[in-house]
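User: Could you take a close look at the aromatic side chains in this one? I'd like to know how the rings pair up and what surrounds them.

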Amino acid sequence: MKKKFDKEDLFHLYHCSDLGKGELTTILKEDVYSNKKDWTTFMEILFLILGSGLLVIGVLFFFAYNWTALHTFLKFGIIGAILTIAVCCSVYNKIPILYRRIALLCASLLIGILYAVFGQEYQTGANAYDFFLAWLMSITIWTLTSKFPFQWLMYGLLGNATLMLCFGQVFDSESVFTYLLGLLITNIMLFIVPNSISYFRKNTIVPQWYNKIYITVVTLISTQDIIVTIFSTDFLRYNESRANLVITLCISLGWIGGLLWRAIVTKTFYYYSTAIVSCFFILLGLLVKIFDFTIFSTLLYAIYFIGGTFGVVNYLMKTFKKWQDE
């Protein structure tokens, strides 16, 4: 797969050389922006993954429907055989790399079914988060070596589910900032680690859609954390909550500020609009905290939301046109 140019490097080249505007536009269209071929490849991978996921779900429903009729050995034998076939396909060099990666993704899903069958058969009594944590740890090495963004996406969903279940079953309500901090750091790492691997390892490219998904997710979590912090002065009496609150607030503000700076430097409109919308809702939360809920404040919020939405959209459209013309 041909590696695309970095947009930031192209803009630096444009400002520091005699590269013309028309040449820059051509390079951006051919080597930066997604074209019809890229979308076709994406849809092909997506439908292959959906088909593989439906196959795994079919296996799950097979066990659910025939649970009482199957012997214990047969239950583990079937899932073990399918898992072995998937793992063998993922390491067989004569199979195209795309199919091998999808086979590894299927194997990762089958690991979860194996743990579910084990827990249901022997009634271990473990918490739900124990099951997800074991599943997560079992596929960590596969994910780090897979070079497959959909594998990372599934790993991220599993990691977030594990964290949510752990907070719901282990921690109490006073540890809410521990949970928010853990959720924030987890998703930041799910963004940083694949890009770091891509930077140090050849022939590994993290697609833009993956980065956009996690930038959006982390920005949403950061916005939520800042707004929760604004309304959570009662938690300051707990030392643990106070420390986690400050750390969470600093990381959240740093993320949104860094995203805004990066967007301006690289002129990446999606990142810029995401940061601006985040600031819009943070300011709304701050207004609610200051004025509380009265007749006057409700009118103020309505004016802010309606007028602010129009203003933000108008400003972003002007910024988009300005960056397009530069």
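**Aromatic rings in an all-helix model**

Analyst: Quick bit of background before the rings. This is a predicted model, and the protein exposes about 19,300 Å², with carbon and sulfur atoms supplying 70% of that area. Its secondary structure comes to 13 helices and 0 strands. Of the 326 residues, 37% are buried. If you take the contacts with a separation of 6 or more, 68% of them are between residues 24 or more positions apart.

Now the rings. Searching the whole structure turns up 20 aromatic pairs. One of them is Tyr-199 with Phe-200: the ring centres are 5.0 Å apart and the planes sit at 90 degrees, so this one is edge-to-face, given that anything over 60 counts as such. Both partners are out in the open: Tyr-199 is exposed at 67% relative accessible area, and Phe-200 is exposed too, at 70%.

Phe-280 and Tyr-304 make another pair. Their ring centres are 4.9 Å apart with the planes at 10 degrees, so this pair is stacked, the cut-off being under 30 degrees. Phe-280 belongs to helix α12 (residues 269–291) and Tyr-304 to helix α13 (residues 295–325), so the pair ties together parts that are 24 residues apart in sequence. As for burial, Phe-280 has 9% relative accessibility and Tyr-304 has 16%; both are buried, because the limit is under 20%.

There is also a cluster: ring pairs link Phe-148, Phe-150, Trp-209, Tyr-210 and Tyr-214. Phe-148 turns up again in the largest nonpolar core, which has 65 residues; Phe-148 is among those with the most contacts inside it, along with Ile-49, Leu-110, Ile-139 and Trp-255. The helix that gives the most to this core is α9 (residues 176–200), with 10 residues.

Trp-255 deserves its own mention. Leaving out residues up to four places away in sequence, Trp-255 touches Ile-188, Phe-191, Ile-215, Val-218, Thr-219 and Ser-222.

One last item involves a charge rather than a second ring: the charged end of Lys-212 sits over the ring of Tyr-270, 5.3 Å from the ring centre.

So, to pull the two detailed pairs together: Tyr-199 and Phe-200 are edge-to-face with both residues exposed, whereas Phe-280 and Tyr-304 are stacked with both residues buried.

Notes: Residues numbered from 1 in each chain as written. Predicted model: local features only at pLDDT ≥ 70, side-chain atom pairs only at ≥ 80, totals over all residues. Heavy atoms only, no water. Helix = DSSP H or I, 4+ residues; strand = E, 2+ residues; numbered from the N terminus. Buried < 20%, exposed > 50% of the residue type's maximum accessible area, 1.4 Å probe, protein only. Contact = heavy atoms within 4.5 Å. Areas by Shrake-Rupley, 256 points an atom, 1.4 Å probe, with all protein chains shown as cover. Core = buried A, V, L, I, M, F, W, Y, C linked by side-chain atoms within 4.5 Å. Phe/Tyr/Trp six-rings, centres within 6.5 Å; stacked < 30°, edge-to-face > 60°. Lys NZ or Arg CZ within 6 Å of the ring centre and 35° of its normal.
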